[in-house]
Every structure is written in structure tokens, then in C-alpha cells.
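Good morning, colleagues. Please look at the sequence and the structure on the screen while I go through the main features in turn.

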Amino acid sequence: MPKTSGRLLSLLSLLQARRDWPGALLAERLGVSARTVRRDVDRLRELGYPVVAVKGPDGGYRLDAGAQLPPLLFDDEQAVALAVALQIATTTGAGIEEAAARALTTVRQVMPARLRRRIDTLQVTAVQRPSRTPNPQVTGDVLMTLSAAVHAREVLRFDYAPVSPPEATDADHTGSPPRRVEPHHLVTWGARWYLVAWDLDREDWRTFRADRIAPRTPPGPRFTPREVPGGDVAAFVAGRFQGFDGSGHWPCRGEVILDLPAAVVSRYSREGIVEELGPDRCRLVLGSWSWPALAAAIGGFDADIEVIGPSELKEAFAHLARRYANAAARTAP
């Protein structure tokens, strides 16, 4: 490689490594004069790299953001991490599969042979959980709009598409006026994107599926952010999807004794509290979003059950017993 070209790559690598570089330090690291550094910076600018001069006692340079994306330099670890991330982009639900595949092809073409061989041996197959319908995709434009509103702390107005009741996480009304929210966080859960926001009309926290959001323009006024309940957005979102009612507890919580070893029950009940009562007997405290769902979950252990309480759980077992008995009595036509 010509000496000047190699020096330009070294200079670019240094500028990417930290925010500000004094000119004298760059000259020392490259083993050239300050005048040569200035000429090399001009060459990088001609190639499209936005290198700006930093004022100060020592002077210096900074690689700034530009209008176009010039060629980038990655070290070995960064290149491998980028390739892995692009391969699993299909699991994000962001609708960027084609763009990710093209980006991976571009990155691979400019990789040195040693890295290309490593990437070629890493073939990732993204397997989605079985579902009646595929996970909905959200466009990159919508994600950027939501993210921009979160960052700017601007009230967001949008139309929210209705879905069938099992999918709904909010009250949906066809033809209703646009929702008005204070957007706080954009999160992913189960290969879907959600917006965590304070609903101004309902005066409560809500989680909105991003694929159902159609943003309206222009955005609303700026707002002072509220604190998410509990102060932890990850715990808040997990609680919402696990069936919490916002108080930090399951809506339905029961206690039973199972004729199974505690080690077996705890292996398949990560959300429950298991207490050993004997070699083949344990106490289980478990929660769920409804009493029938809780009874069905406990029944999945395929063991004799003694219900400690509450009475709602006993009634749910009786309800399921009648339903299962009716199902067993019916004969297929």
C-alpha cells in the first residue's frame, strides 16, 4: 500500500478512536510533521470525511457527523460483531431484513480474508416461536419518528389501528380521535416493538404496539418527562406483559400443595415460589392473569393437587373440571 494511503487509514482510525485529537499528538502518533497532518486532513475531507478543526490552545481535529456516510474502519471485533448483528436482524421485527442482508454483503466484501472466513463459518438461523400469525413488522420510518419524539420530549399524536381482542393491549375504537401521548421509551418484547407513554386523555401509562401506530404531524408541544412507575422501564414493561395490574402483584395469586419434588416444580415454575415439604411433596405459590389460567397452569404439572387457597382458585379448578368432563363426553361426528 502506498505510504500516503496507509497514513490516511491510520489517521482515520485514530480519529474514530476518540472525540478530540490535538494536532501535535496526531503528528507524534503518525510520525510526521504537523503540516503533513493538515494535508492529510484535507485529503480525508476531499474523500467525504467530515473532519473539523477544534479551536483551543493546542488546536486539533475531530471526526464529526456529515451529510453522507463515508467509508468506515472497523477493528476485527467490531467487524465480527456487526456481521453477527446483521444476521440476526430478522428477529427484531423492524422490517429491515432486506436492508440488513445487503449491508452484510457489503461488509463482507471489504473484509480481509481472515475475517471473511470467520464470518462464513458463523451461519445463524433465526427461529421464531410457532404462531398462528407471523409477527407484525414495523417500518423504519415509524421507529425513527417514535424515537425522535422520545428524544425531543414532544407530545406525539397518532392513529392506533384496532386488532382482535386477544391481541389488544388497550381500548380500541374504530374512528376514534387520534391518541395524544407523552412518549417515554421505545422497547422490544417478543420480537415486537412497543412505545411506553403517558396517555394524556386517559391520564395513565400505556404500552402501544409500534406496528399499529400511524404517527400524525406536526408533533405537539414539549413536555417534562414523568417517572415510569417503579423507576425501571424494563421492570414496568415486563410487569405489564406478565399480567401485573400495576401494583406489583399478579391479579390472581394462589397457593397449592403438589405431590412432586420441589426440584422438579421449581425447574418449570420460574415465576412461582416453591417450598419443599418432603421428598415428593412441595408447596407452590403462583400468580397469573386469571383464575382459570392459574388453575390450568398448575394442572400442567400432572400431579395430585391440594388447594390451600383462595376460594377463587378452588372454583376455577371446579370450572375447568366441568369443562374438561364435557369435552371428554362429547364424541366427534
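**An aromatic cluster and its surroundings**

Let me begin with Phe158, Tyr160 and Phe208, which ring pairs link into a cluster. Please keep in mind that this is a predicted model. Across the structure there are 4 aromatic pairs. One of them is formed by Tyr160 and Phe208: the ring centres are 5.1 Å apart and the planes stand at 90°, so this pair is edge-to-face. Tyr160 belongs to strand E4 and Phe208 to strand E7, so the pair ties together parts that lie 48 residues apart in sequence. Tyr160 and Phe208 are both buried.

A second pair consists of Trp198 and Trp205, whose ring centres are 5.7 Å apart; with an angle of 80° between the planes, this pair is therefore edge-to-face. Are these two tryptophans buried or exposed? Buried means under 20% relative accessible area. Trp198 has 15% relative accessibility and so counts as buried. Trp205, at 6%, therefore counts as buried too.

Tyr160 has a charged neighbour as well. Arg212 lies over the face of the Tyr160 ring, at 3.9 Å from the ring centre.

I now turn to the sheet that contains these strands. In what order do the strands of this open sheet run? The order is E7-E6-E5-E4-E8, a sheet of 5 strands with antiparallel pairing. At the edges stand strand E7, residues 204-209, and strand E8, residues 213-215; each has a single partner strand, so one side of each is left without a neighbour in the sheet. From one strand to the next, the twist averages 45°. As a general reminder, the strands of a sheet pair through backbone hydrogen bonds, in either a parallel or an antiparallel arrangement.

For one pairing in detail, consider strand E6, residues 192-199, which pairs with E7 in the antiparallel sense over 6 bridges. Within this region, Tyr194 stands opposite Arg209 of E7.

A helix accompanies this sheet. Helix H7, residues 140-152, lies across strand E4 (156-160), strand E5 (179-189), E6 and E8. The direction of H7 is at about 115° to that of E5.

Just ahead of this helix there is a residue to point out. Where is Thr139 placed? Thr139 is in the loop between helix H6, residues 113-121, and H7. With 45% relative accessibility, Thr139 counts as partly exposed, because that class covers values between 20% and 50%. Thr139 and Ala210 are 71 residues apart in sequence, yet their C-alpha atoms are 9.0 Å apart in space.

Let me move on to another sheet. This open sheet has 3 strands in the order E1-E3-E2, and its pairing is antiparallel. Strand E1, residues 20-22, and strand E2, residues 51-54, are at the edges with a single partner strand each, so one side of each has no neighbour in the sheet. Neighbouring strands of this sheet are turned against each other by 30° on average, direction ignored.

How many bridges join E1 to strand E3? There are 3 bridges between E1 and E3, the latter comprising residues 60-63, and the two strands run antiparallel. Here Pro22 stands opposite Gly60 in E3.

Two helices lie across strands of this sheet. Helix H2, residues 23-30, crosses E1 and E3, running at about 80° to E1. Helix H3, residues 34-46, lies across E2 and E3 and runs at about 140° to E2.

A further antiparallel pairing is that of strand E10, residues 273-278, with strand E11, residues 281-288, joined by 5 bridges. The connection between E10 and E11 is a hairpin through 2 residues. Ile273 has Val285 in E11 as its bridge partner.

To finish, I shall place these details within the protein as a whole. The protein has 11 helices and 12 strands. Of its 333 residues, 32% are buried. Among the contacts with a separation of 6 or more, 56% are between residues 24 or more positions apart. The accessible surface comes to about 20,700 Å², and carbon and sulfur atoms account for 53% of that surface.

Technical notes
Residues numbered from 1 in each chain as written. Predicted model: local features only at pLDDT ≥ 70, side-chain atom pairs only at ≥ 80, totals over all residues. Heavy atoms only, no water. Helix = DSSP H or I, 4+ residues; strand = E, 2+ residues; numbered from the N terminus. Buried < 20%, exposed > 50% of the residue type's maximum accessible area, 1.4 Å probe, protein only. Contact = heavy atoms within 4.5 Å. Areas by Shrake-Rupley, 256 points an atom, 1.4 Å probe, with all protein chains shown as cover. Pairing = 2+ DSSP bridges. Axes fitted to C-alpha atoms, helices over the stretch in contact; angles between N-to-C directions. Phe/Tyr/Trp six-rings, centres within 6.5 Å; stacked < 30°, edge-to-face > 60°. Lys NZ or Arg CZ within 6 Å of the ring centre and 35° of its normal.
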